[in-house]
There are 4 protein chains.
Amino acid sequence: MPKIVDEQTREATRQRILRVAASEFARLGFEQTNINLIAEQAGIGKGTIYLYFENKRTLFLEMLRFIAQAHLREIRAALGAGDSLRQRLEALFLAFVRLAEQESDSFHVFMSALYGVNRIFQQEAAALLREYVAAIAHLLAESRACGAMNVSELEASALMVLSVTESYVLAARVLGYPASVLASQAGAVADFVLHGLGTSDSHAGEREQGK
Amino acid sequence: MPKIVDEQTREATRQRILRVAASEFARLGFEQTNINLIAEQAGIGKGTIYLYFENKRTLFLEMLRFIAQAHLREIRAALGAGDSLRQRLEALFLAFVRLAEQESDSFHVFMSALYGVNRIFQQEAAALLREYVAAIAHLLAESRACGAMNVSELEASALMVLSVTESYVLAARVLGYPASVLASQAGAVADFVLHGLGTSDSHAGEREQGK
Amino acid sequence: MPKIVDEQTREATRQRILRVAASEFARLGFEQTNINLIAEQAGIGKGTIYLYFENKRTLFLEMLRFIAQAHLREIRAALGAGDSLRQRLEALFLAFVRLAEQESDSFHVFMSALYGVNRIFQQEAAALLREYVAAIAHLLAESRACGAMNVSELEASALMVLSVTESYVLAARVLGYPASVLASQAGAVADFVLHGLGTSDSHAGEREQGK
Amino acid sequence: MPKIVDEQTREATRQRILRVAASEFARLGFEQTNINLIAEQAGIGKGTIYLYFENKRTLFLEMLRFIAQAHLREIRAALGAGDSLRQRLEALFLAFVRLAEQESDSFHVFMSALYGVNRIFQQEAAALLREYVAAIAHLLAESRACGAMNVSELEASALMVLSVTESYVLAARVLGYPASVLASQAGAVADFVLHGLGTSDSHAGEREQGK
DNA sequence: TATGAATGAGATTTCATTCAT
DNA sequence: AATGAATGAAATCTCATTCAT
């Protein structure tokens with residue numbers, strides 16, 4: 001079936017474009033990024049890119065979704081990793097540290113979209129943020145300590161957790177903290193969150209660390 | 001005899017340009033913002049803007065400092081406002097809510113600079129961030145509960161506090177939380193922080209609120 | 001399949017741009033010449049010109065080389081034309097008269113580059129001047145009368161010959177001499193040079209003219 | 001009489017502007033020269049320059065006349081210096097060498113005007129050229145050897161002399177000849193001219209040099 | 001007379017997008 | 001489907017000149 005081969009080639013080209021685009025958009029920002037250069041680096045013709053993406057804006061948007069899916073996969077893996085809430089919070093924090101370190105391009109793009117000026121981009125980024133929050137809220141809901149919360153309290157708590165993990169990591173990096181130092185703070189951040197949430201689990205967590 | 005130009009007139013023009021620039025840069029981003037339009041809206045000629053600012057980049061940078069000073073003043077006022085640590089944390093949170101609501105332009109510009117791609121802008125924004133952190137660290141240091149912390153623990157704690165206040169507010173706004181809802185969460189956030197920091201002050205704080 | 005563009009079409013466009021550029025640069029000088037107008041007159045889009053030439057400066061430089069080659073071809077043809085030294089000097093002079101008359105654009109451009117302020121242009125023009133001098137020096141060296149000269153004397157002589165031909169023609173034209181009058185002076189100039197060089201050929205030359 | 005003092009001050013300012021202008025126009029060309037910078041260097045206000053010269057073009061023109069007068073004074077002095085025709089031709093050549101060396105700014109400006117694209121400037125420069133030619137023609141007419149020439153022959157001869165002196169010097173300098181080498185060629189050039197003109201004076205000239 | 005702040009026309013160059021092949 | 005030559009809109013910044021003081 002030649003159709004499938006073609007389809008595979010097509011998808012491979014699409015992914016190649018998206019990966020190059022992510023790197024370029026992260027490096028230069030939306031405006032300064034040159035579509036023609038993306039085509040060149042992806043090994044295709046200038047015009048070909050328009051057979052895959054309607055225009056520059058659409059390319060950016062789809063690239064945003066592309067990296068968002070990858071991030072979300074990591075976050076979910078981290079949240080499902082350990083046994084205790086504390087372990088999962090640590091894993092979440094460390095996932096952000098790793099992403100900020102190794103996928104800083106993607107992070108740049110994401111933050112630029114989230115707090116940048118283009119409303120379309122912002123909405124897309126906000127959708128991803130919502131999924132983050134939902135995943136964390138789900139985690140908290142499972143934990144017996146938060147059982148009494150109503151939905152909006154739960155969401156607010158999840159957002160606080162996200163702030164003290166993701167935003168903390170990003171801000172720390174902008175301020176020049178090396179990844180190694182950040183990684184060593186995972187326990188402290190987890191404790192901060194657990195105490196902040198007022199869960200009994202927190203003390204167990206501290207005991208686990210031998211404090 | 002040279003034309004004696006009022007120093008006040010000059011400063012007034014400068015401020016007018018900065019204010020228009022802040023609004024335009026926030027609305028359109030650095031690249032899309034048109035210098036000519038800024039001049040027009042400021043009621044001056046196209047070339048006149050270059051008598052006040054060397055070029056577009058410099059204008060952006062000075063505008064960034066301009067709004068940074070204004071923000072910092074508010075933050076410092078909030079941090080010096082109440083009696084207890086809890087009151088001050090609430091005031092800090094509410095200050096961010098107010099800024100995000102009423103000066104959302106400035107916030108946009110600041111976040112774009114902080115997480116955008118222009119290193120010069122990023123450094124400038126990071127410098128402001130550092131001042132935020134320093135101000136909060138100073139507050140924590142004053143509080144007896146944190147007396148035992150060393151400097152780097154203090155800074156990390158301050159950064160956590162900033163994350164759960166500023167970033168929380170920004171993320172919440174992107175997710176569509178109205179300012180009124182945010183404002184009502186001031187107490188909860190303050191508690192989260194106090195518990196997280198593990199201060200005895202926290203219980204006093206809760207009592208003050210009659211819980 | 002890529003668009004197969006005729007190499008001939010490309011070269012034709014290139015030449016069309018160069019010809020229009022020569023005329024415009026000659027008419028208005030480097031600074032006052034408008035790239036947009038060149039594109040328009042060449043029947044292409046504004047941006048297209050940059051597919052052929054990197055920038056305005058490069059266009060000027062290549063245009064300079066373009067006309068330089070054409071001039072040099074004519075000069076060499078003139079110097080290889082007649083039998084006697086005298087005939088060749090006359091042919092040289094007449095070639096300059098013709099060039100100054102029919103290709104005054106090119107001459108303007110060349111002189112502006114030679115005595116203008118742009119060092120890059122000056123160097124390029126000087127390189128052409130050097131080729132002129134070399135061609136004349138070669139002619140003199142072949143003539144038995146100059147056999148005794150050393151290299152630097154030969155070059156100095158060649159430069160004198162060039163001065164009394166090219167510069168004479170240019171100065172005369174600036175002073176308003178019509179081409180016809182100039183043409184009638186070819187013999188006198190040739191004699192001036194021959195006598196000046198002190199060649200025995202000179203008298204033969206005069207005899208040929210029946211003096 | 002305060003009027004005279006004012007008049008002197010005014011003239012001094014005028015000359016200062018002209019001198020600065022000559023240097024700037026020579027260095028940068030007409031278009032690239034910045035009037036405001038000239039004012040600054042002349043120690044006056046931007047607007048003041050317009051009290052002395054109508055506009056940039058007029059300033060250039062008057063500057064051209066200013067340096068032309070200076071050159072012409074030197075040329076005339078050279079032509080009236082020695083006893084024999086040969087000595088005067090040598091003096092003329094050496095005057096050009098000195099001017100090209102020490103007043104290369106002025107020469108640049110003059111040549112740019114003469115062969116540049118601005119007709120107004122060209123006419124002014126041509127007028128000076130005409131005065132050069134007239135001065136040389138006068139010299140030749142005085143010499144008994146040229147007594148038989150008619151006016152147009154005389155002018156053509158003068159133009160040839162000018163070409164082999166002035167243009168020779170300029171071309172030589174563009175080609176990189178140092179002034180010292182040029183100066184040493186004065187005798188050879190004078191001989192070239194004398195032989196070229198076919199004057200009996202030439203042999204006397206050579207004898208004078210002890211050849 | 002002298003000043004210099006203010007003005008705005010003007011031109012090069014970039015790059016997303018089109019479309020003939 | 002793929003290509004890349006061609007297009008032209010758009011924007012920063014300079015600087016000659018004006019004019020209020």
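Which residues come nearest to DNA strand E? Of the 36 residues around the strand, it's Thr33(A), Gly45(B), Thr48(B), Asn36(C) and Thr48(D), where "near" means that a heavy atom of the residue lies within 4 Å of the strand. Sugar and phosphate make up 55% of the atoms of DNA strand E that come within 4 Å of the protein.

Quick housekeeping. This is a predicted model, where local features need pLDDT of at least 70 and side-chain atom pairs count only at pLDDT 80 or more, while totals for chains, interfaces and linings use all residues. Residues are numbered from 1 along each chain as its sequence is written, chains are lettered from A and ligands numbered from 1 in the order in which they are written, and side-chain values use heavy atoms, with hydrogens and water left out.

Okay, back to the DNA. On chain C, a backbone N or O atom of Thr33(C) is 3.0 Å from a phosphate oxygen of strand E, and one of Ile35(C) is 3.2 Å from a phosphate oxygen. Gly47(D) goes for a base instead: a backbone N or O atom there lies 2.9 Å from a base nitrogen of strand E. The elements giving two or more residues to this surface are helix H2 (35-41) of chain A, helix H3 (49-52) of chain B, helix H2 (35-41) of chain C and helix H3 (49-52) of chain D. Helices here are DSSP runs of H or I, at least four residues, numbered from the N terminus.

And what sort of residues line that surface? We get 14 nonpolar, 14 polar and eight charged. Asp, Glu, Lys and Arg count as charged, Gly goes with the polar ones, and Ala, Val, Leu, Ile, Met, Phe, Trp, Tyr, Cys and Pro are nonpolar.

Now the aromatics. Over all chains there are 38 aromatic pairs, meaning ring centres within 6.5 Å, with planes under 30 degrees apart called stacked, over 60 edge-to-face and the rest tilted. Take Phe30(A) and Phe121(A): edge-to-face, 5.1 Å centre to centre, 65° between planes. Phe30(A) sits in helix H1 (residues 2-32) of chain A and Phe121(A) in helix H7 (residues 119-142), 91 residues apart. Phe121(A) is buried at 4% relative accessible area; buried is under 20%, with a 1.4 Å probe and protein chains only.

Phe30(A) also belongs to a ring-pair cluster with Phe25(A), Phe60(A) and Phe121(A). On top of that, the charged end of Lys56(A) sits over the Phe30(A) ring, 4.9 Å from its centre. That label needs NZ of Lys or CZ of Arg within 6 Å of the ring centre and within 35 degrees of the ring normal.

Notes. Polar contact = N/O pair within 3.5 Å; in protein donor to acceptor, adjacent residues only side chain to side chain. Phe/Tyr/Trp six-rings, centres within 6.5 Å; stacked < 30°, edge-to-face > 60°. Buried < 20%, exposed > 50% of the residue type's maximum accessible area, 1.4 Å probe, protein only.
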